[in-house]
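Student: I have a model open and want the reasoning behind its labels. Can we go through them one by one?

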Amino acid sequence: MSASRPAAVIVLAAGEGTRMKSRTPKVLHELCGRSMLGHVLAAAGELDPQRLVVVVGHRREQVIEHLAARVPGAEPVVQERQGGTGHAVRTALERVGPLSGTVVVTNGDHPLLRGETLAEMVRVHEAEGNAVTILTTEIPDATGYGRVLRGSDGAVTAIVEHKDATVEQRAVREINVGMYAFDGALLGEALKRVGTDNAGGEEYLTDVVAILRGDGHRAGAFVAPDWVETQGVNDRVQLAQARRQLNDRVLEGLMRAGVTVVDPASTWIDVQVTAEPDAVVYPNTQLHGATHLGEGARVGPNCTLTDTRVGVDATVVNAVCVGAEVGPEASVGPFAYLRPGTVLARKAKVGTYVETKNAQVGEGSKVPHLTYVGDAEIGVGCNVGAGTVFVNYDGVNKHRTVVGDHVKIGSDNMLVAPVEIGDGAYTAAGSVIVRDVPPGAMAVARGQQRNIEGWVERRLPGTATAEAARRAREREAPGDDR
């Protein structure tokens with residue numbers, strides 16, 4: 001039996017998260033390219049719920065803004081006071097109205113949770129006809145956790161807190177994760193009966209389980225197969241641990257799909273990154289956002305790529321690329337910086353200490369070293385000499401330079417935009433090009449050299465340079481013909 005489409009998934013994300021010691025709401029701390037809440041919503045989205053509801057509270061404005069930007073289909077519901085998990089779900093139902101069908105409740109601080117785990121919980125819930133199904137897991141050390149006790153038929157009979165458990169009960173390793181699948185109609189009615197007669201004076205969702213059982217309804221449980229994914233994040237240490245675990249999951253998925261990751265320990269890849277078989281990622285490399293590696297692409301070592309596409313058999317070494325496109329068989333680095341809008345065509349090269357921005361480099365063209373290319377279009381088969389600057393900014397506006405096909409730009413050139421270099425043209429080394437260059441022309445724009453003889457010895461007498469000049473002059477003096 002496959003799971004039906006849930007009536008709703010309710011994500012609890014109102015907590016303050018004081019142990020994070022941060023001005024950022026706990027659920028908005030990021031790992032592997034998404035916020036914690038973003039990971040949970042992605043997992044919830046795999047269930048294709050009819051409604052996706054997020055209960056917000058602490059610093060709600062930030063969380064609501066985040067939702068609007070990243071998951072616009074999510075419905076924020078404000079919990080004005082921290083009244084417990086039961087109060088949070090009741091607040092959500094009062095806002096969205098009665099729900100008929102399966103309602104899943106999960107937490108916004110469990111970024112490792114898989115959508116397939118939630119889906120299987122829903123399937124078990126509906127197959128067994130449960131009023132409530134608890135997501136549980138078995139952990140090596142259950143100390144401090146509430147134990148899930150079952151009857152002979154597998155139904156849940158109780159959830160006992162560690163401090164209240166007997167020695168026999170403490171031997172049970174199945175614990176309550178704090179996520180549930182409910183019958184929506186029964187949930188709404190039971191929440192009205194949840195009290196606050198407890199040490200915290202709060203409404204707890206676990207009380208709903210007891211109420212439903214007391215009414216004669218079945219409570220079941222689904223054991224998550226991997227206890228690691230059920231871990232929540234409460235402080236920076238746990239955040240770092242979750243980041244490592246999630247990154248390992250991403251790397252394993254890529255490697256099993258045919259990607260070589262030379263050193264997983266020093267490689268960090270966001271969950272949105274994609275790569276084709278035979279791509280190779282070398283040590284100390286970070287791939288962020290919507291980055292994609294084509295078949296046979298080689299990236300690293302020491303690279304950081306964000307929202308960048310690397311073509312088939314292209315190479316990127318010791319480089320930073322943001323919002324760039326590296327064409328098939330192209331070459332980048334070492335020590336290059338490709339900024340947004342950079343597009344390299346097939347077999348193009350951007351080499352050592354080159355920075356590009358909003359620039360198109362044509363097929364087979366080379367920008368080998370020590371160059372800035374901004375707001376420019378370079379044609380096919382060109383070569384840009386070392387030390388060249390595409391001067392694109394006049395202090396107010398940006399301007400564009402267009403370089404035709406098979407152009408040779410001399411070393412130490414300044415191309416002052418707007419300017420166009422025609423096909424097959426050359427520019428002389430040291431030139432400052434301020435006017436268009438016709439096709440096939442040689443542009444020379446530099447001052448005439450003038451040598452002032454004896455200047456060093458006259459102006460800097462007694463220095464090492466003056467002494468060196470004197471000795472050289474004496475060596476070059478004509479000999480005595482007597």
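Student: Why are α6 and α7 called roughly perpendicular to each other?

Tutor: This is a predicted model, so start from its computed angle. The axes of α6 (residues 184-191) and α7 (residues 206-214) cross at roughly 105°. Angles of 65 to 115 degrees count as roughly perpendicular. The crossing angle falls in that range, and α6 and α7 are therefore roughly perpendicular to each other. Their axes come within 10 Å.

Student: Which residues make the contact of α6 with α7?

Tutor: From α6, Leu186, Leu187, Ala190 and Leu191. From α7, Val208, Ile211 and Leu212. Contact here means heavy atoms within 4.5 Å.

Student: What makes this contact nonpolar?

Tutor: Ala, Val, Leu and Ile are among the residues that count as nonpolar. The contact has seven nonpolar residues, no polar and no charged.

Student: How do you know which residues lie closest to the centre of the largest pocket?

Tutor: They come out of its lining, where each residue has an atom within 4 Å of a pocket point. Of 46 lining residues, the closest to the centre are Asn107, Asp109, His110, Val177 and Asn234. The volume of this pocket is about 1,400 Å³.

Student: Which element gives the most to that lining?

Tutor: β10, with five residues. Elements giving two or more are β1 (8-13), α3 (85-96), β10 (174-183) and α8 (236-256). By class, the lining has 18 nonpolar, 22 polar and six charged residues.

Student: Where does UniProt place the domain "MobA-like NTP transferase"?

Tutor: At residues 9-137, in an unreviewed entry. In the model, that span is 36% helix and 23% strand. Its end C-alpha atoms lie 20 Å apart.

Definitions and conventions
Residues numbered from 1 in each chain as written. Predicted model: local features only at pLDDT ≥ 70, side-chain atom pairs only at ≥ 80, totals over all residues. Heavy atoms only, no water. Axes fitted to C-alpha atoms, helices over the stretch in contact; angles between N-to-C directions. Helix = DSSP H or I, 4+ residues; strand = E, 2+ residues; numbered from the N terminus. Parallel < 35°, antiparallel > 145°, perpendicular 65-115°, else oblique. UniProt positions renumbered as here; feature names shortened; annotations may be inferred. 1 Å grid on protein atoms, 1.4 Å probe; cavity = no way out; pocket = protein on both sides within 12 Å on 5 of 7 lines; lining within 4 Å. Points joined across faces, edges and corners; volume = space filled by probe spheres on them.
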